[in-house]
Amino acid sequence: MSEDQVTETAASSSKGRPAKNAAKAGFFARIALFVRQVIGELKKVVAPTRKELINYTLVVLVFVVIMMLIVTVLDLAFGTGVSWVFGGTGPADR
């Protein structure tokens, strides 16, 4: 296989990066490039439909309620255990 038949690999191509020997862009040019890249990425974003948004919201709310219950039970259990070990008053004795 000759060298002219070998295809260029992604690692050897530098289309996404500036060449190492190229002059460094100025401060404002780098900011402008950043803003252009941000706008380009934002154009790729797909907004969820109303049904998806409601579904995601319900999933998050259910998860938060479950986590609140777990933390509450653990807090009461550890508080009662610490009160029992150190002889203080428990939450029921107040």
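## Where α2 stops

Right after α2 comes G87, and its phi is positive, near 75°. Keep in mind that this is a predicted model, so that angle is a computed one.

Helix α2 itself covers residues 50-86. It runs for 37 residues and spans 53 Å from first C-alpha to last, close to the 54 Å expected at 1.5 Å a residue.

## The chain as a whole

What does the secondary structure add up to? Two helices and zero strands.

There isn't much of an interior to talk about: of the 94 residues in the chain, 3% are buried. The chain exposes about 9200 Å², and 68% of that comes from carbon and sulfur atoms.

## A greasy stretch on the surface

A nonpolar patch sits on the surface, made up of V60, V62, F63, V64, I66, M67, M68, I70, L74 and F78. Put together, these residues offer about 940 Å² of accessible area.

F78 is a handy one to click on. It belongs to α2, and it counts as exposed because its relative accessibility is 59%, over the 50% cut-off. As background for looking at a patch like this, residues three or four places apart on an α-helix point the same way, because there are 3.6 residues a turn.

## One charged contact

How many salt bridges does the count come to? Just one. The partners are K44 and E41, with their closest N and O atoms 3.1 Å apart. That falls within the 4 Å limit for a salt bridge, so the pair makes the list. In general, side chains of opposite charge can pair when their charged atoms come close.

Are the two partners buried or exposed? K44 counts as exposed, at 59% relative accessibility. E41 is partly exposed, with a relative accessible area of 48%; exposed would need over 50%.

## One aromatic contact

The structure also holds one aromatic pair. The rings belong to F27 and F28, with centres 5.3 Å apart and planes at 75°, so the pair is edge-to-face. The cut-off for that label is planes over 60 degrees apart.

Both rings come from exposed residues: F27 has a relative accessible area of 51%, and F28 has one of 67%.

Note on methods:
Residues are numbered from 1 along each chain as its sequence is written. This is a predicted model: local features need pLDDT of at least 70, side-chain atom pairs count only at pLDDT 80 or more; totals for chains, interfaces and linings use all residues. Side-chain values use heavy atoms; hydrogens and water are left out. Helices (H or I, at least four residues) and strands (E, at least two) are DSSP runs, numbered from the N terminus. Buried means under 20% relative accessible area, exposed over 50%, partly exposed in between (1.4 Å probe, protein chains only). Accessible areas come from the Shrake-Rupley method with a 1.4 Å probe; for residues, only the protein chains shown count as cover. Patches are made of residues with over 30% relative accessible area and no salt bridge: like charges are joined within 9 Å, nonpolar side chains (Val, Leu, Ile, Met, Phe, Trp, Tyr) within 5 Å. A salt bridge is a side-chain nitrogen of Lys or Arg within 4 Å of a carboxyl oxygen of Asp or Glu. Rings of Phe, Tyr and Trp (its six-membered ring) pair if their centres lie within 6.5 Å; planes under 30 degrees apart count as stacked, over 60 as edge-to-face and the rest as tilted. The expected span of a helix is 1.5 Å times one less than its number of residues.
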